[in-house]
Amino acid sequence: MAFIKVCTKDDLIPDAGIAAKVGDVQVALFYIDDEVYAVGNHDPASGANVIFRGICGDLHGELMVASPLYKDHYSLITGKHMDGKDLAIPVYPAKIEGNDVLVDVEAASQAA
Amino acid sequence: MSARKQTIVVVGNGMVGHNFVEKLVDAGLLEHYEVHVFGEEPRPAYDRVYLSSYFSGKTAEDLSLVPPGYYEEHGIHAYLGDPVVDINRRKKIVYSAKGREVHYDKLVMATGSVPFVPPIEGNDREDCLVYRTIEDLEMIEAKAKVSKTGVVVGGGLLGLEAAKALADLGLETHVVEFAPRLMPVQLDDAGAGLLRRKIEKMGVFVHVSKNTQLITDGEKRRNKMVFADGQELETDIVLFSTGIRPRDDLAKKIGLKLGPRGGIVVDDMLLTSDPSIWAIGECALHDGTIYGLVAPGYAMAQAVVHQLQGITATFTGADMSTKLKLMGVDVGSIGDPHGMTPGAHTYVYQNEPEEIYKKIVVSEDKKKLLGAVLVGDASDYGNLLQLYLNEMELPEHPDDLILPQRSGSSSNLFGPAALPETAQVCSCYDVSKGDIIKAIDDGATTLADVKAVTQACTGCGGCTQLVSDIVNYELEQRGVEVKKDICEHFPYSRQELFHIIKVEGIKTFDELLAKKGQGHGCDICKPAVASIFADIYNSFAMEEDKIGLQDTNDRFLGNLQKDGTYSVIPRVPGGVITPEKLIVIGQVAKKYNLYTKINGGQRIVMFGAQLNDLPAIWEELLAAGFESGQAYAKSLRTVKSCVGSTWCRYGVDDSISMAIKLEHRYKGLRAPHKIKMGVSGCTRECAEAQAKDVGVIATENGWNLYVCGNGGMKPRHADLFATDLDEETLFKYIDRFLMFYIQTADRLQRTARWLENLEGGIDYVKDVVINDSLGICDELERQMQFIRDTYKDDWYEAVHNPEVREKFRMFVNSDERDPDVVFVKEELTGMYRPATPEEKLKGIAVEVRPNA
Ligand code: SRM
Ligand SMILES: Cc1cc2nc3c(=O)[nH]c(=O)nc-3n(C[C@H](O)[C@H](O)[C@H](O)COP(=O)(O)OP(=O)(O)OC[C@H]3O[C@@H](n4cnc5c(N)ncnc54)[C@H](O)[C@@H]3O)c2cc1C
Ligand code: SF4
Ligand code: FES
């Protein structure tokens, strides 16, 4: 369990995403209602590292991001593909402490 | 959960064998079955149907039907280059050439077929070839290098395809056919005659009614063919394409029942004489027929998979209608093309100058379509096939089906209502109209629901409009009020949202959500609202609270490409560019190693820009006087122009100046979808203005204005809106027209679709714009004036505002670029293109693009 600081709160964009690199891991960070959500930046549907450039919001109340390439929706909570493809992106624990944004990339949970 | 998994062995990894495996995977059957696949060929299944494209540069990998890692990922055991040589049916064990022994519970024979070579003396000479596998093609290619002439024996579908391949390889090409016409099975004399003329025009020699008797040493060429009528033909290569024979050698060896002329006999369940063994594809003989096409093979695979799922399913034959592009000639054949059915009537349309031949065969009562032949123009094939397959009632005058649709007559034979339930609507996922209706009956109430249930529209997306039309139509039929709600977050249409935002003066998404919506929003409503804010307030996409609303293209002011890079397209008004600016584009592209192309919008696109480099690239372009081309935005794209009166001997007015004026007048104008314009200097219409949302054509007395044209997925000719306008009136009408469209269209609705869905049609729009019937013209003009007065170049803003500029980076905590974006040098052009997944995976030795 290792939370690592990746940026400050000011770097986050409300209701939008940015990306950070932790070692070799690319993380997409979304800032919604003063909470930060971290998921993998790699979109398995397209094979490109673009998740942070997607529009976030919710579908039927579940927070999600729409990949900008082919608009696949992934849950920001479970990482699962929400339109029925057998795909998922990893979800990482993330938090804001003071002005710091922290992510733990070792503790990824990947939905089956 | 202790039940042992059963084992299925698939013999043959061709098109049908692989399709069967894919269907097993998709049906979730791998939970219950372990699958072993044996293939004789050295590579996984590939697309034989597109085999010929191997000669036009496609590689074996391009043709592969099996994505890399597919079998491994699904735990399927695949043994390639290892044919099954024997089967012990009592012990249920297969034996392979390499000594593998695998026990099976169920076995599927998918061994395909081999080319049939007629028993002609000399048919085993070294230059006698066939056309079925990639190895065959490699052989043909090698032989062609040392040859001048090639003869294809057989003038059927495949023979003509093979002839094209030989011609493309630079050989003098001949086709020799035994019957008195080409494609004897599918075509009648007249259709075949036309096809023959077209093919001969391309330099291929056609010989019909020729019975080859001997192939022997030639004098000028390596071989000589001797025909029954005593004539001779010298050639280097002889390529046989005289039909196929089912591959039943293994089946014969193990004692399965075969047909009198070969083929593994199967019943309607596709079971062979051994109840543990199915046979599918071209090796199977069903009801006396071998199906030499893939679609019936896939249907057979489906039937077997259904049986494994416990669904009763049978195969009861398949339609053999075909549509092909043969040597660039469209050919279609449906049902009974020869009119052999008793009492049948035929209608023929023959257009000599345009080389089109169409024939339909209809039933005695003229109510049903029995068959059709199309040569030269097969665009009606899909519709005719639906009429035939579904036995739909024909229109009163059946010949309307093949007579050209001249202006004025509009046929609504094929709207969503007329389509039969079996009509395939989405070809990517094989979704029929019936599937969509079923989804609706099962509770789907929106397009999104239907997509989720059927997968329609989720492939190439090309069917979305049709699917949406069907969904709306079906819902209306059921008395469901079709919700025009933009999405689950707002119970309003785009048009309603536009008015709410305008009337209530709402300026942020949060405010709109709080007052009129629910939840957090999504990728549908957010960009739509961002576009409305831009229409009303001309707000900049990169304002802090607008960023999250933008589609990625608008957020980063470039078109996102498949690998995550962006394209850069500066504005080139009217397509006119100075030499100095051309040089700058060259310099910038060179510096950043971008891939340059003249695009379809009369300007230049640079592909492959990395996110981090975008501001620097644009800074250089701006410094040279370029502006953003807004090619990423739903806004005015380009105004295409022709040469015009300055240079062209026919030009009656200066189309170039007009195009440049229009482009500057409307640049940056955000709209529900993109807007394109064109200006032609005379009625010859070289700028294709009538294919644009707004088209302007010079006349002796001013300008004619056309609106609501479209290219793209569903082309539409623009309607003439007003004639002989002076410049001031022209601009006034366009201002009003565009603003009216912007305020009333649905999201992502081009002007063409908007007009088609507008009650009252073009006359209504004329009334609003020309006669001011709604009394809104002043306001429309004022709004346009405001947008023009407040126009700012997106890229100028982005480059010169440090806070915005800093947002163009891949990672917040590093200046690195995306390490997974890799470019390799393209041999053909010498420029850098994105590496393919295989190249990345295998680290293939290629020249990788350096950074700027
Ligand atoms: C670059 C260009 C192709 C080229 O190399 O020639 C192009 C490229 C794309 N076109 Fe196009 N279109 C290009 C000219 C055209 C034309 C020709 C023209 O404008 O005269 C058409 C047909 C005319 C028309 O629009 O009526 C055209 C009809 C489309 C359509 C279908 C629109 C429709 O109404 O059916 C789409 C899809 C869409 O917009 O929803 C599309 C979408 C696209 C997108 C943006 C797809 C995407 O979302 O990524 C492509 C971006 C590729 C990239 O990596 O940047 N492109 N596209 C052309 C850019 C012109 C420009 O400078 O603005
Ligand atoms: C040039 C060309 C163009 C065509 N164009 C069209 C078209 O436009 N439209 C259309 O519908 N159809 C077309 N076809 C026909 C289509 O390709 C076939 O219908 C289809 O490939 C049949 O699939 P299959 O799996 O039954 O046979 P195949 O694809 O031939 O696969 C059979 C496989 O089984 C292997 N095999 C045989 N015996 C054994 C064994 N004992 N052990 C292991 N493996 C074995 C074979 O090597 C082969 O790889 C075309 C064919 C060709 C050659
Ligand atoms: S037609 Fe347009 S959208 Fe399609 S691949 Fe070409 S550029 Fe892309
Ligand atoms: S045809 Fe429906 S998604 Fe391609």
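Q: Why does the approach of V84(B) to ligand 2 count as a polar contact?
A: A polar contact is a pair of N or O atoms within 3.5 Å; within protein, one atom must be able to donate a hydrogen and the other to accept it, and residues adjacent in sequence count only if both atoms are side-chain atoms. In this predicted model, a backbone N or O atom of V84(B) is 3.0 Å from a nitrogen atom of ligand 2. The distance is within 3.5 Å, and the pair therefore qualifies.

Q: On what terms should these values be read?
A: The model is predicted: local features need pLDDT of at least 70, side-chain atom pairs count only at pLDDT 80 or more, and totals for chains, interfaces and linings use all residues. Residues are numbered from 1 along each chain as its sequence is written, chains are lettered from A and ligands numbered from 1 in the order in which they are written, and side-chain values use heavy atoms, with hydrogens and water left out.

Q: What makes a residue part of the surroundings of ligand 2, and which residues come closest?
A: A residue is near a molecule or strand if one of its heavy atoms lies within 4 Å of it. For ligand 2 there are 31 such residues, the closest being V16(B), E40(B), E41(B), R132(B) and E282(B). Oxygen atoms of ligand 2 lie 2.9 Å from a polar side-chain atom of E40(B) and 2.5 Å from a side-chain N or O atom of E41(B).

Q: Which residues come nearest to ligand 1, and how is its shell classed?
A: Among the 20 residues around ligand 1, N599(B), G600(B), R603(B), K674(B) and G711(B) come nearest. The shell holds three nonpolar, ten polar and seven charged residues. Nonpolar means Ala, Val, Leu, Ile, Met, Phe, Trp, Tyr, Cys and Pro; charged means Asp, Glu, Lys and Arg; the others, Gly among them, are polar.

Q: How do you know that G600(B) is in polar contact with ligand 1?
A: A backbone N or O atom of G600(B) is 2.4 Å from an oxygen atom of the ligand, which satisfies the rule for a polar contact. The backbone of G711(B) has a polar atom 2.7 Å from a ligand oxygen, and the side chain of K597(B) has an N or O atom 3.0 Å from one.

Q: Why is the pair K21(A) and E816(B) called a salt bridge?
A: A salt bridge is a side-chain nitrogen of Lys or Arg within 4 Å of a carboxyl oxygen of Asp or Glu. The closest N and O atoms of K21(A) and E816(B) are 2.9 Å apart, so the pair meets the rule. Two salt bridges are found across the interface of chain B and chain A.

Q: How much area do chain B and chain A bury between them, and what does the term mean?
A: The two chains bury about 2,800 Å², 52% of it on carbon and sulfur atoms. Buried area is the accessible area (1.4 Å probe) that two parts lose on being put together, summed over both. H520(B), D523(B) and V812(B) supply 21% of the area that chain B buries against chain A, more than any other three residues.

Q: Why are β2 and β10 of chain A described as standing at the edges?
A: Four strands form an open, antiparallel sheet in the order β2-β3-β4-β10 (chain A). Strands are DSSP runs (E, at least two residues) numbered from the N terminus, and two of them pair if DSSP finds at least two bridges between them. β2 (17-22) and β10 (91-92) each have a single partner strand, so one side of each is left without a neighbour in the sheet.

Q: What makes β2(A) and β3(A) paired strands?
A: Six antiparallel bridges join β2(A) to β3 (residues 25-32) of chain A, and the requirement of at least two is therefore met. V22(A) stands opposite V25(A) in β3(A).
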